[in-house]
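Colleague: Could we go through this model together? I have a few short questions about individual residues and how they fit into the fold.

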Amino acid sequence: MMKLILTHEVAGLGAPGDVVEVKDGYGRNFLVPRGLGMRWTRGAEKDVAALRKGRETRDIKDLGIASDARRKLEGLPVRLSVRAGSGGRLFGSVTVADVAAAIATAGGPQVDKRRIELGHPIKTLGAHRVTVRLHPEVLAQVDVEVVAS
């Protein structure tokens with residue numbers, strides 16, 4: 001087992017600043033090369049405080065505020081205009097950054113792109129459901145309408 005400090009949020013594992021133990025291959029071959037984590041050392045332990053402080057400024061602290069944001073997001077008509085071919089297939093795919101920008105354009109709350117979870121890559125026109133993790137206990141389901149530009 002390998003001890004790592006997460007530098008980015010990893011679904012099912014933890015948030016930035018968390019110290020986790022993972023299997024050697026997962027840490028060495030996936031998390032560290034992609035910059036999602038760094039090896040735990042006593043010196044790196046000092047960096048954890050800075051990561052946690054950054055996470056606290058981004059996170060929605062109050063459960064009530066997160067619930068209000070969920071109500072705003074779930075009732076929000078989000079439209080995303082992209083280039084598409086004649087069969088309704090997109091040139092490329094919709095990213096979480098595109099979804100975050102579309103939510104902001106639609107008048108919704110500012111959402112960190114690392115909090116958006118796509119169930120599958122969005123590569124076609126039409127309605128798609130996207131999950132936004134606002135708080136560890138609050139998830140918002142946002143309907144995104146992908147239209148051709």
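Colleague: Leaving aside neighbours within four places in sequence, which residues is Thr-131 in contact with?
Modeller: This is a predicted model. In it, Thr-131 touches Arg-115, Ile-116, Glu-117, Leu-139, Ala-140 and Gln-141, once neighbours within four places in sequence are set aside.

Colleague: Where does Thr-131 lie, and is Thr-131 buried or exposed?
Modeller: Thr-131 belongs to strand E8. Thr-131 counts as buried because its relative accessibility is 17%, and the cut-off for buried is under 20%.

Colleague: Which side chain has a polar contact with that of Thr-131?
Modeller: That of Gln-141, at 3.3 Å. Gln-141 is also among the contacts listed for Thr-131.

Colleague: Turning to salt bridges, how many are there?
Modeller: The count is five. One of them joins Asp-143 and Arg-129, with the closest N and O atoms 3.0 Å apart. This pair links distant parts of the chain, since Asp-143 is in strand E9 and Arg-129 in strand E8, 14 residues apart.

Colleague: What is the accessibility of Asp-143 and of Arg-129?
Modeller: Asp-143 has 39% relative accessibility and therefore counts as partly exposed. Arg-129, at 52%, counts as exposed.

Colleague: Which residue forms a salt bridge with Asp-68?
Modeller: Arg-71 does, and the closest N and O atoms are 2.3 Å apart. Both residues lie in helix H3, three residues apart, which is about one turn of the helix. Asp-68 is partly exposed at 37% relative accessibility, while Arg-71 is exposed, with a relative accessible area of 54%.

Colleague: And which residue forms a salt bridge with Arg-114?
Modeller: Asp-112, with 3.2 Å between the closest N and O atoms. Arg-114 is partly exposed at 40% relative accessibility, and Asp-112 is partly exposed with a relative accessible area of 23%.

Colleague: Let us move to the interior. Which residues touch the most other members of the largest nonpolar core?
Modeller: Leu-73, Val-94, Val-132, Leu-134 and Val-144 do, in a core of 24 residues. The elements that contribute two or more residues to this core are helix H3 (63–74), E4, strand E5 (89–94), helix H4 (96–105), strand E8 (126–135) and E9. The largest share, five residues, is that of E9.

Colleague: What other core is there?
Modeller: Apart from the largest core lies another, of eight residues, including Leu-4, Val-20, Leu-31 and Leu-36.

Colleague: Back to Val-144: which residues is Val-144 in contact with, beyond its neighbours within four places in sequence?
Modeller: Val-78, Leu-80, Val-99, Gly-126, Ala-127, His-128 and Val-130. Of these, Val-78 and Leu-80 are on the covered face of strand E4 (residues 78–82), together with Val-82. The uncovered face of E4 holds Arg-79 and Ser-81.

Colleague: In which sense do E4 and E9 pair?
Modeller: In the parallel sense, over five bridges, with E9 spanning residues 138–148. The bridge partner of Leu-80 in E9 is Val-146.

Colleague: Finally, where in the protein is confidence lowest and where is it highest?
Modeller: Confidence is lowest in helix H2 (residues 42–58), with a mean of 70, and highest in helix H1 (residues 24–31), at 93. The protein has an average pLDDT of 84, and 93% of the residues score at least 70.

Methods:
Residues numbered from 1 in each chain as written. Predicted model: local features only at pLDDT ≥ 70, side-chain atom pairs only at ≥ 80, totals over all residues. Heavy atoms only, no water. Buried < 20%, exposed > 50% of the residue type's maximum accessible area, 1.4 Å probe, protein only. Helix = DSSP H or I, 4+ residues; strand = E, 2+ residues; numbered from the N terminus. Pairing = 2+ DSSP bridges. Core = buried A, V, L, I, M, F, W, Y, C linked by side-chain atoms within 4.5 Å. Contact = heavy atoms within 4.5 Å. pLDDT = per-residue confidence, 0-100. Polar contact = N/O pair within 3.5 Å; in protein donor to acceptor, adjacent residues only side chain to side chain. Salt bridge = Lys/Arg side-chain N within 4 Å of Asp/Glu carboxyl O.
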